[in-house]
Amino acid sequence: MYILNSKQIAKADKATINTNGISSVDLMENAATLCFQWLHSRLQGQQIKIHVFCGIGNNGGDGLVMARHLHQHGYNVSCYVVNFSDKRTNEFLTNYNRLKEIGEWPEVISHENEFPEVKFEDIVIDAIFGNGLSRKPAGFSKKLIQYINSTKVFTLAIDIPSGMYSDKSNTDSSTILNAGHTLTFQCPKLAFFLPENKEAINTWEVIDIGLDQNFIETLKPASHFIGKNEIKPLYKPRDKWSHKGTFGHSLIIGGSFGKIGAVTLASKAALKIGSGLVTAYTPKCGYNILQIAIPEAMVEVDDDNALKYFNFKTKPTVIGIGPGMGTSEKTKLGFEKFISENKTPLVIDADAINLLALNPNLATHLPKNSILTPHPKELERLIGTWKNDTDKIKRAQKYSKENNVIIVIKDAHTIVVNGNELFVNSTGNQALATAGSGDVLTGIITGLIAQGYENLIAAIYGVYLHGKTADIASQEIGFEAFTASTILDYLPDAILDLFKQEQQQPQQTEEEPEN
Ligand SMILES: NC(=O)C1=CN([C@@H]2O[C@H](COP(=O)(O)OP(=O)(O)OC[C@H]3O[C@@H](n4cnc5c(N)ncnc54)[C@H](O)[C@@H]3O)[C@@H](O)[C@H]2O)[C@@H](O)CC1
Ligand SMILES: [K+]
């Protein structure tokens with residue numbers, strides 16, 4: 001699914017109105033009616049107090065439509081116009097009049113003295129600012145947002161929590177409404193995936209308002225939200241006549257005294273995702289550990305307790321490098337020599353990223369489309385300190401373009417960056433916040449490339465499967481008991497899940513009246 005930016009959404013709105021013969025008011029009516037139905041199906045007429053706060057633009061227009069439907073269905077509703085400007089959009093005015101026609105006059109709020117009392121047990125519908133936000137809320141609209149937040153009331157945000165930009169940072173979180181749930185139109189917004197918005201965005205879902213898909217395609221959106229529909233077609237079926245050589249040879253380089261586990265996990269992951277052969281290359285101290293821990297893997301060794309020579313004999317299809325490797329001086333020198341001579345595709349993680357960050361020229365030697373998998377601290381070493389989360393993404397895009405590499409920004413919502421393109425992952429949860437889960441990801445991506453998945457696809461697909469193991473496992477074992485090894489245990493479920501049919505909701509049938 002595409003993630004459109006605010007300009008693309010505005011263009012798609014216009015194009016849909018121009019080419020599909022639907023008026024702007026009708027598009028609003030459809031969109032806001034779907035939001036009303038969402039709430040109505042949950043409340044089933046319950047007399048909970050509902051406050052609908054409407055801005056003066058089209059997001060406010062959505063609020064007015066919802067208020068009308070809520071009134072007409074007998075709900076206990078108060079509707080307010082947050083009067084931060086005297087301007088009104090036509091669609092707002094049309095729906096203002098429609099509300100008046102059914103005898104309901106919204107209250108106009110122009111000052112903080114006019115805020116209504118909102119109680120914790122009420123519901124707030126947030127239709128103050130939407131995609132048209134042009135500057136961060138100030139004055140009494142900022143105070144209103146802060147007041148609503150202070151009540152901790154359940155808030156249903158329409159399109160986007162007010163004060164949040166779709167695709168750029170508002171780092172003053174005190175000017176963003178904290179939404180309990182967001183019904184967003186057409187596509188998720190990039191802002192939903194930025195850690196800086198964690199207070200404001202909770203759960204969300206997309207309401208399909210039927211914008212012109214053909215037109216959206218012409219915009220060639222660069223950002224994508226990656227779910228099962230996107231992943232399933234990437235799967236490569238295995239040929240009956242294939243043999244282990246068909247599925248490539250992964251070499252996992254890493255480890256140091258006390259950190260052989262990292263290489264063990266990455267090597268196991270490469271095997272478990274289907275790499276035909278796996279060799280681990282570690283310091284001598286890792287030899288017995290690896291041979292005992294993974295009978296399926298081959299092992300080559302370097303110096304005693306830390307890597308120095310990087311002179312393996314194996315001729316791998318792909319190399320995953322970095323887990324547990326350390327950054328000692330001898331490892332650093334050996335690594336630099338290795339990188340400047342290596343031509344084999346690379347997946348670069350952990351200390352290999354740290355060493356790369358110490359010597360920026362080294363990145364120019366990386367094979368095209370090498371994959372870097374930094375966690376936030378490693379990323380900061382690589383691209384410098386960012387001002388905010390959109391600056392972080394821009395810096396990562398710049399690094400990716402300058403060095404022709406793919407960056408996997410690991411976080412609650414992992415984002416794969418390929419030049420300007422962004423692929424936001426949909427799977428994973430807090431169970432993955434555990435030692436070694438990154439090592440397993442390195443092994444998975446490496447093992448996918450070994451089997452012939454293109455680098456970018458391996459990164460997107462690997463991140464998805466890695467996260468999916470946590471989604472499946474946490475249903476069965478919760479978050480705490482999930483360890484990096486659990487990712488390996490659940491990889492088969494994550495793969496098989498791609499081919500499971502979604503359960504159809506049973507159709508509700510009206511009961512026949514008794515004769
Ligand atoms: N036909 C359409 O175009 C549709 C639009 N829809 C709704 O329309 C919204 C976008 O509407 P608009 O473009 O009118 O904009 P908004 O309603 O998001 O913005 C409100 C207005 O406030 C002004 N403004 C922005 N930031 C401000 C600030 N910090 N302080 C004071 N004023 C500020 C802007 O100039 C804008 O006119 C979407 O988010 C969605 O909710 C939906 O109804 C679907 C159909
Ligand atoms: K809103």
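Tutor: Welcome! Helices are DSSP runs of H or I with at least four residues, and strands are E runs of at least two, both numbered from the N terminus. This is a predicted model, in which local features need pLDDT of at least 70 and side-chain atom pairs count only at pLDDT 80 or more, while totals for chains, interfaces and linings use all residues. Residues are numbered from 1 along each chain as its sequence is written, and chains are lettered from A and ligands numbered from 1 in the order in which they are written.

Student: Which helix gives the most residues to the shell around ligand 1?

Tutor: The shell around ligand 1 has 29 residues (near means a C-beta atom, placed from the backbone, within 6 Å). The elements that give two or more of these residues are helix 2 (24–43) and helix 3 (58–72). With 5 residues, the most is given by helix 3.

Student: How many residues of the shell around ligand 1 are polar?

Tutor: The closest residues to ligand 1 are Gly57, Asn58, Asn59, Gly130 and Gly132. Ala, Val, Leu, Ile, Met, Phe, Trp, Tyr, Cys and Pro count as nonpolar, Asp, Glu, Lys and Arg as charged, and the others, Gly among them, as polar. In the shell around ligand 1, 10 residues are nonpolar and 5 charged, and the polar ones number 14.

Student: Which strands stand at the edges of the open sheet of 7 strands?

Tutor: The order of this sheet is 3-2-1-4-5-6-7, with parallel pairing (a pair needs at least two DSSP bridges). Each edge strand has a single partner, so one side of it is left without a neighbour in the sheet. These are strand 3 (107–109) and strand 7 (203–207).

Student: Which residue in strand 3 stands opposite tyrosine 80?

Tutor: Strand 2 (residues 77–82) and strand 3 pair in the parallel sense over 3 bridges. Opposite tyrosine 80, strand 3 places glutamate 107.

Student: At about what angle does helix 3 run to strand 1?

Tutor: Helix 3 lies across strand 1 (50–54), strand 2, strand 4 (123–127) and strand 5 (154–158). Axes are lines fitted to C-alpha atoms, for helices over the stretch in contact, and angles run from 0 to 180 degrees between N-to-C directions. To strand 1, helix 3 runs at about 150°.

Student: Which are the edge strands of the sheet of 10 strands?

Tutor: This open sheet has the order 8-17-16-15-14-13-12-9-10-11, and its pairing is mixed. An edge strand here pairs on one side only. That describes strand 8 (223–226) and strand 11 (298–301).

Student: Which residue is the bridge partner of isoleucine 319 in strand 13?

Tutor: Strand 12 (residues 318–321) pairs with strand 13 (residues 346–348) in the parallel sense, over 3 bridges. In strand 13, the partner of isoleucine 319 is leucine 346.

Student: How do helix 15 and helix 16 pack: roughly parallel or roughly perpendicular?

Tutor: Helix 15 (residues 455–477) and helix 16 (residues 484–497) have axes 8 Å apart and an angle of about 95°. An angle of 65 to 115 degrees counts as roughly perpendicular, under 35 as roughly parallel, over 145 as roughly antiparallel and the rest as oblique. That makes helix 15, relative to helix 16, roughly perpendicular.

Student: What distance separates the centres of domain 1 and domain 2?

Tutor: The protein is divided into domain 1 (6–221) and domain 2 (232–498), with bounds from an automatic or database domain assignment. The contact takes 7 residues from domain 1 and 8 residues from domain 2 (C-beta atoms, placed from the backbone, within 7 Å). Taken over C-alpha atoms, the centres of the two domains are separated by 41 Å.

Conventions
Contact = placed C-beta atoms within 7 Å.
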